[in-house]
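Work through the following exercises with the sequence and the model open beside you. Try each task on your own before you read its solution.

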Amino acid sequence: MNAVPPRPIVTPCIKVCAVDGESGLCLGCHRTLPEIAGWSRLDDDRRAEIMAELPARRSRIAPEKLGLA
């Protein structure tokens, strides 16, 4: 029997896992802790919605926390 390997789940994780207390967002991927914890249980559409929101979320984190200041 030829088992098909599971399809990988797309993730914005960049292995910089630290949550900003002020915004509640991960400094690496800009997701919330509940989003990170439940990522594998979300369907592709919901993951895509969250991924689309991530660039705008970056502005909620102080630039110095991202090493930009």
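**Exercise 1. A pair within one helix**

The model used here is a predicted one. Explain how Asp44 and Arg47 are placed in helix 2, and then find what joins them.

Solution. Begin with the positions: because Asp44 and Arg47 are three residues apart in helix 2, about one helical turn separates them. Next, look at the side chains, where Asp44 forms a salt bridge with Arg47 and the closest N and O atoms are 2.5 Å apart. Finally, consider the accessibility of each partner: Asp44 is partly exposed, with a relative accessible area of 37%, whereas Arg47, at 8%, counts as buried.

Now repeat these steps for Glu53 and Arg57, which also lie in helix 2, four residues apart, or about one turn of the helix. Glu53 forms a salt bridge with Arg57, and here the closest N and O atoms are 2.7 Å apart. Glu53 is partly exposed, with a relative accessible area of 34%, while Arg57 is buried at 8%.

**Exercise 2. A pair that joins distant parts of the sequence**

Which parts of the chain are tied together by Asp20 and Lys65?

Solution. First establish the link itself: Asp20 forms a salt bridge with Lys65, with the closest N and O atoms 2.5 Å apart. Then locate both residues: Asp20 lies in the segment before helix 1 and Lys65 in the segment after helix 2, so the pair ties together parts that are 45 residues apart in sequence. Asp20 counts as buried at 5% relative accessibility, and Lys65 counts as partly exposed at 33%. As a last step, widen the view, for Asp20 and Lys65 belong to a network of salt bridges that also includes Glu22. In total, the structure holds six salt bridges.

**Exercise 3. A charged residue without a salt bridge**

Find Arg31 in the segment before helix 1 (33–38), and state which side chain of opposite charge is nearest to Arg31.

Solution. Side chains of opposite charge can pair when their charged atoms come close. Arg31, however, is buried yet has no salt bridge, and its nearest side chain of opposite charge, that of Glu35, is 5.9 Å away. Since a salt bridge requires the nitrogen and the carboxyl oxygen to be within 4 Å, this distance does not qualify. Leaving out residues up to four places away in sequence, Arg31 touches several others, including Thr11, Cys13, Cys26, Trp39 and Arg57.

**Exercise 4. Cysteines and disulfides**

How many disulfides does the structure hold?

Solution. The structure holds zero disulfides. Cys13 is in no disulfide, and the nearest cysteine sulfur, that of Cys17, is 4.5 Å away. For Cys26, the closest cysteine sulfur is in Cys29, and because the two sulfurs are 3.8 Å apart, they are too far for a bond. With regard to accessibility, Cys13 is partly exposed at 29%, whereas Cys26 is buried at 4%.

**Exercise 5. Buried or partly exposed**

Decide whether Ile61 is buried or exposed, and then do likewise for Val19.

Solution. Start with Ile61, which is placed in the segment after helix 2 (44–57). Ile61 counts as buried because its relative accessibility is 3%. Apart from its neighbours within four places in sequence, Ile61 is in contact with a set of residues, among them Asp20, Leu25, Cys26 and His30.

Turn next to Val19, which is found in the segment before helix 1. Val19 is partly exposed, with a relative accessible area of 40%. Together with Leu33 and Ile36, Val19 makes a nonpolar surface patch of about 240 Å².

How values were computed:
Residues numbered from 1 in each chain as written. Predicted model: local features only at pLDDT ≥ 70, side-chain atom pairs only at ≥ 80, totals over all residues. Heavy atoms only, no water. Helix = DSSP H or I, 4+ residues; strand = E, 2+ residues; numbered from the N terminus. Buried < 20%, exposed > 50% of the residue type's maximum accessible area, 1.4 Å probe, protein only. Contact = heavy atoms within 4.5 Å. Lys, Arg positive; Asp, Glu negative; His and termini not counted. Patch = residues over 30% accessible without salt bridge, like charges linked within 9 Å, V, L, I, M, F, W, Y side chains within 5 Å. Areas by Shrake-Rupley, 256 points an atom, 1.4 Å probe, with all protein chains shown as cover. Disulfide = S-S within 2.5 Å.
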